[in-house]
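The following exercises are to be worked with the sequence and the three-dimensional model at hand. Each task is followed by a solution in steps.

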Amino acid sequence: MNILEAKKEVLDVAKKAHQEKLVAGTSGNVSIYLKSKDLVVITPSSIPYASMKDSDISVITLDGKVVDGKHSPSSEWPMHTEIYRKLEKECALVHTHSPYATSFAVCNEGIPEILIEMKPFIGGDIKVVPFAPAGSQELGEITAPFLIDRNACLLANHGTLSVGDNLEKAFFSSIYLEDAAKIYHLAKSVGNPRII
Ligand SMILES: [Zn+2]
């Protein structure tokens, strides 16, 4: 994948995440790590999704140096680059503040494996990463181990993070995470959800 293709994919998934209401305002961010180039293609900071163009997408090194793009990268870039450093493979990340999943993140409560889709799309139950400041390298450091045998996790008092071999897979994980959180929330109000 070349940089232009990666920019178009980042833009496409960022807009879809906004349309699906996984992100509000300019929150959330999306990135792809191009391992062969050792570069990260990431959404810019504070640009509304509706008017975002592929030329607005930033390209940075793992140290955060902007090599292409007219805007600053998302303020949460240190979390993305630290996770790519730790996972050491070509992959992609989707970070959202999707409301149902983030409600569980705010309560520091994980989501048990309650749906058949959770195993193939997420890898099992959804765990909560302990709190660290948004945008910090520390948050990336403590989150990376949660993304080794799972494709998604909750960030305490913050939001969600999903990983995939490609951006489409990471996006689907974020959709299934929000879906599981919504169903778990409703099931808890109906009765006692049973774990698979
Ligand atoms: Zn965030």
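## Exercises on a predicted model

S46 lies in the loop that links β2 and β3. The coordinates come from a predicted model.

**Exercise 1. Describe the backbone and the accessibility of S46, and then those of D38.**

Step 1. S46 is not a glycine, yet its phi is positive, at about 60°.

Step 2. The relative accessible area of S46 is 56%; the cut-off for an exposed residue is over 50%, so S46 is exposed.

Step 3. D38 belongs to the loop between β1 and β2. Its phi is likewise positive, near 55°, in a residue other than glycine.

Step 4. With a relative accessible area of 38%, D38 is partly exposed.

**Exercise 2. Determine the strand order of the sheet and identify its edge strands.**

Step 1. Eight strands make up an open sheet, and their order is β4-β3-β2-β1-β5-β8-β7-β6. The pairing within this sheet is mixed.

Step 2. β4 (66-68) and β6 (128-129) each pair on one side only, and they are the edge strands.

Step 3. Helix α1 (residues 3-19) packs on the sheet, where it touches β1 (29-34), β2 (39-42), β3 (58-61), β4 and β5. The direction of α1 makes about 155° with that of β1.

Step 4. Helix α6 also packs on the sheet, with contacts to β1, β5, β7 and β8. Between the directions of α6 and β8 the angle is about 140°.

**Exercise 3. Characterise V66 in an edge strand.**

Step 1. V66 is part of strand β4, which is one of the edge strands.

Step 2. V66 counts as partly exposed, because its relative accessibility is 36%.

Step 3. Leaving aside residues up to four places away in sequence, V66 touches V59, I60 and P73.

Step 4. S31 is 35 residues from V66 along the chain, and 14 Å separates their C-alpha atoms.

**Exercise 4. Establish which strands pair with β8 and whether β8 is enclosed or open.**

Step 1. Strand β5 (residues 92-96) pairs with β8 in the antiparallel sense, over five bridges. In this pairing H95 stands opposite L161, while V94 has S162 as its bridge partner.

Step 2. Strand β7 (residues 152-155) runs antiparallel to β8 and is joined to it by four bridges. L155 has G159 of β8 as its bridge partner.

Step 3. β7 and β8 form a hairpin, with three residues between the two strands. In the turn, N157 has a positive phi of about 55°.

Step 4. Six of the six residues of β8 (residues 159-164) are buried, so the strand is largely enclosed by the rest of the structure.

**Exercise 5. Assess the burial of helix α2 and the environment of E82.**

Step 1. Eight of the eleven residues of α2 are buried, so the helix is largely enclosed by the rest of the structure. The buried residues are P78, M79, H80, T81, E82, I83, Y84 and L87.

Step 2. E82 is located in α2 (residues 77-87). It has 3% relative accessibility and therefore counts as buried.

Step 3. Apart from residues up to four places away in sequence, E82 touches Q137, G140 and E141.

Step 4. Just after α2, E88 takes a positive phi of about 55°.

**Exercise 6. Analyse the packing of α3 against α6, and place S174 within α6.**

Step 1. The axes of α3 (residues 99-106) and α6 (residues 167-190) come within 7 Å and cross at roughly 70°. This angle means that α3 is roughly perpendicular to α6.

Step 2. The crossing of these two helices is left-handed.

Step 3. On the α3 side the contact is made by P99, Y100, A101 and F104, and on the α6 side by L177, E178, A181, K182, Y184, H185 and K188. These residues comprise seven nonpolar, one polar and three charged.

Step 4. S174 is also found in helix α6. Its relative accessible area is 1%, so S174 is buried.

Step 5. Not counting residues up to four places away in sequence, S174 touches L22, V94, T96 and S162. Among these, V94 and S162 are bridge partners of one another.

Step 6. The C-alpha atoms of S174 and K89 are 20 Å apart, with their positions 85 residues apart along the chain.

Key:
Residues are numbered from 1 along each chain as its sequence is written. This is a predicted model: local features need pLDDT of at least 70, side-chain atom pairs count only at pLDDT 80 or more; totals for chains, interfaces and linings use all residues. Side-chain values use heavy atoms; hydrogens and water are left out. Axes are lines fitted to C-alpha atoms, for helices over the stretch in contact, and angles run from 0 to 180 degrees between N-to-C directions. Angles under 35 degrees count as roughly parallel, over 145 as roughly antiparallel, 65 to 115 as roughly perpendicular and the rest as oblique. A crossing is left-handed if the near helix is turned anticlockwise from the far one by less than a right angle, and right-handed if clockwise. Contact means heavy atoms within 4.5 Å. Ala, Val, Leu, Ile, Met, Phe, Trp, Tyr, Cys and Pro count as nonpolar, Asp, Glu, Lys and Arg as charged, and the others, Gly among them, as polar. Buried means under 20% relative accessible area, exposed over 50%, partly exposed in between (1.4 Å probe, protein chains only). Two strands pair if DSSP finds at least two bridges between them.
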